[in-house]
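Please open the structure in a viewer and keep the sequence panel at hand. The tour below proposes a series of selections and describes what appears at each one.

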Amino acid sequence: MRRSPVALFQYLKSRGFCSSRTNNGDEKLVTAVLFERLPVVLPKINPAIYAFEEFSLRWNNLFRRKFPDEVLSRSEARGKGDYQIEYTPAPRITEADKTNDRKSLQRALDSRLYLLLYGSTYGAPDGKPVWHFPEKAYENEETLRKCAEAALNSVVGDLSDMYFVGNAPMAHMVVQPKEETPEVSPFKRFFFKSQVLGRDKYTVGKCEDYVWVTKDELMEYLPEHTELLDKMIIHIR
């Protein structure tokens with residue numbers, strides 16, 4: 001039996017395949033944003049990989065094809081007279097690394113950094129401040145992505161220099177009420193990813209404190225969510 005386009009849309013919407021999210025009042029939804037700064041410099045090469053590359057170079061030099069001397073002399077002559085540019089690499093260790101300034105984006109340049117806030121959040125016991133990602137309870141936004149954008153906008157302002165990775169959440173978790181918060185009903189927290197574009201400083205608001213931390217440091221602030229974070233952030237650095 002074929003369905004009309006209107007009937008098909010209503011069917012898909014009832015099954016949860018519509019991009020818009022309608023809150024029926026029976027469950028509470030919260031969107032959280034993993035706001036990350038990508039690595040600025042290449043990470044250090046693993047010693048095993050470095051040893052393999054050294055071996056490959058020696059092997060290729062040993063068994064490479066040998067060209068006639070006149071061919072090599074012509075190729076070497078082409079570069080004569082060109083300007084030589086002196087290149088000095090920037091230091092990998094910054095002042096923020098030396099002082100362990102976790103409010104700065106100018107640290108851990110070979111790793112990804114994530115923004116964490118310290119303050120009240122939905123479901124926190126007695127409204128006490130806790131470490132958490134930027135988040136917002138879903139109200140009447142058109143989509144969960146719009147709700148996530150509003151959560152990040154309320155913390156760092158203009159969204160023009162950041163990039164949301166996709167329209168769908170990257171993960172979600174069901175939060176059950178704890179002994180200290182029996183009045184809070186179970187709710188779902190959906191995680192979205194957003195990335196810094198071309199900025200090295202943000203004015204972070206609506207919190208008591210904030211930090212930019214690596215994946216390993218992230219576990220220090222949210223030890224109860226180590227398993228979930230390890231699955232969400234699957235890269236090594």
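The stops that follow begin with the whole chain and then turn to strands, single residues, a helix and the nonpolar cores.

**The whole chain**

Begin by displaying the entire protein chain as a cartoon, bearing in mind that this is a predicted model. The chain contains 7 helices and 8 strands. Of its 237 residues, 32% are buried. Among contacts between residues at least 6 apart in sequence, 67% join residues at least 24 apart.

Next, colour the chain by pLDDT. The mean value is 82, and 79% of the residues reach 70 or more. Residues 11-22 have a pLDDT below 50; in the model this stretch makes 17 contacts beyond near neighbours in sequence.

**Strand S1 and its partners**

Select residues 28-37, which form strand S1. How many of the residues of S1 are buried? The count is 9 of 10, and the strand is mostly covered.

Add residues 187-196, which form strand S7; S1 and S7 pair in the parallel sense over 9 bridges. Within this pairing, Leu 34 of S1 faces Lys 193 of S7.

Now add strand S4, residues 135-137, which runs antiparallel to S1 and is joined to it by 3 bridges. Here the partner of Thr 31 is Lys 136. Strand S2 is likewise antiparallel to S1, with 2 bridges between them. In that pairing, Glu 36 has Tyr 114 of S2 as its bridge partner.

**Leu 29 and Lys 188**

Show the side chain of Leu 29, a residue of strand S1. Leu 29 counts as buried because its relative accessibility is 0%. Then pick Pro 186: the C-alpha atoms of Leu 29 and Pro 186 are separated by 9.5 Å, although their positions lie 157 residues apart along the chain when counted from one to the other.

Move on to Lys 188 in strand S7. With a relative accessible area of 29%, Lys 188 is partly exposed. Which residues does Lys 188 contact, leaving aside neighbours within four places in sequence? They are Glu 27, Lys 28, Leu 29, Val 30, Met 173 and Val 174. A further selection to make is Val 175, 13 residues from Lys 188 in sequence and 6.1 Å from it in space, C-alpha to C-alpha.

**Strands S2 and S8**

Select residues 113-119 for strand S2, which pairs with S8 in the antiparallel sense over 5 bridges. Leu 117 and Tyr 210 of S8 stand opposite each other. Strand S8 covers residues 209-213; because 4 of its 5 residues are buried, S8 is largely enclosed by the rest of the structure.

**His 132**

Select His 132, which belongs to strand S3, residues 130-132. Is His 132 buried or exposed? With a relative accessibility of 11%, His 132 counts as buried. Its side chain reaches the backbone oxygen of Val 130 at 3.1 Å. Not counting residues up to four places away in sequence, His 132 touches Leu 116, Leu 117, Tyr 118, Gly 119, Ser 120 and Thr 121.

**Helix H2**

Turn to residues 47-63, the 17 residues of helix H2. From first C-alpha to last, H2 reaches 24 Å, close to the 24 Å expected at 1.5 Å a residue. At the start of H2, show Asn 46: one of its side-chain oxygens comes to within 2.8 Å of the backbone nitrogen of Ala 48.

**The nonpolar cores**

In soluble globular proteins, nonpolar side chains tend to be buried together. For the largest nonpolar core here, which has 24 residues, select the members with the most contacts inside it: Phe 35, Leu 115, Leu 152, Val 156, Tyr 202, Val 204 and Trp 212. At least two core residues come from each of S1, S2, helix H5 (144-156), strand S5 (162-164), S7 and S8. Helix H5 supplies the largest share, 6 residues.

Centre the view on Tyr 202. Beyond its neighbours within four places in sequence, Tyr 202 is in contact with residues including Phe 35, Leu 105, Val 156, Asp 161, Met 162, Tyr 210 and Trp 212.

Finish with another core, of 22 residues, which lies apart from the largest one. Met 173, Leu 218, Met 219 and Tyr 221 are among its residues.

How values were computed
Residues are numbered from 1 along each chain as its sequence is written. This is a predicted model: local features need pLDDT of at least 70, side-chain atom pairs count only at pLDDT 80 or more; totals for chains, interfaces and linings use all residues. Side-chain values use heavy atoms; hydrogens and water are left out. Buried means under 20% relative accessible area, exposed over 50%, partly exposed in between (1.4 Å probe, protein chains only). Two strands pair if DSSP finds at least two bridges between them. pLDDT is the predictor's confidence in each residue, from 0 to 100. Contact means heavy atoms within 4.5 Å. A polar contact is a pair of N or O atoms within 3.5 Å; within protein, one must be able to donate a hydrogen and the other to accept it, and residues adjacent in sequence count only if both atoms are side-chain atoms. The expected span of a helix is 1.5 Å times one less than its number of residues. A nonpolar core is a set of buried Ala, Val, Leu, Ile, Met, Phe, Trp, Tyr and Cys residues joined through side-chain atoms within 4.5 Å.
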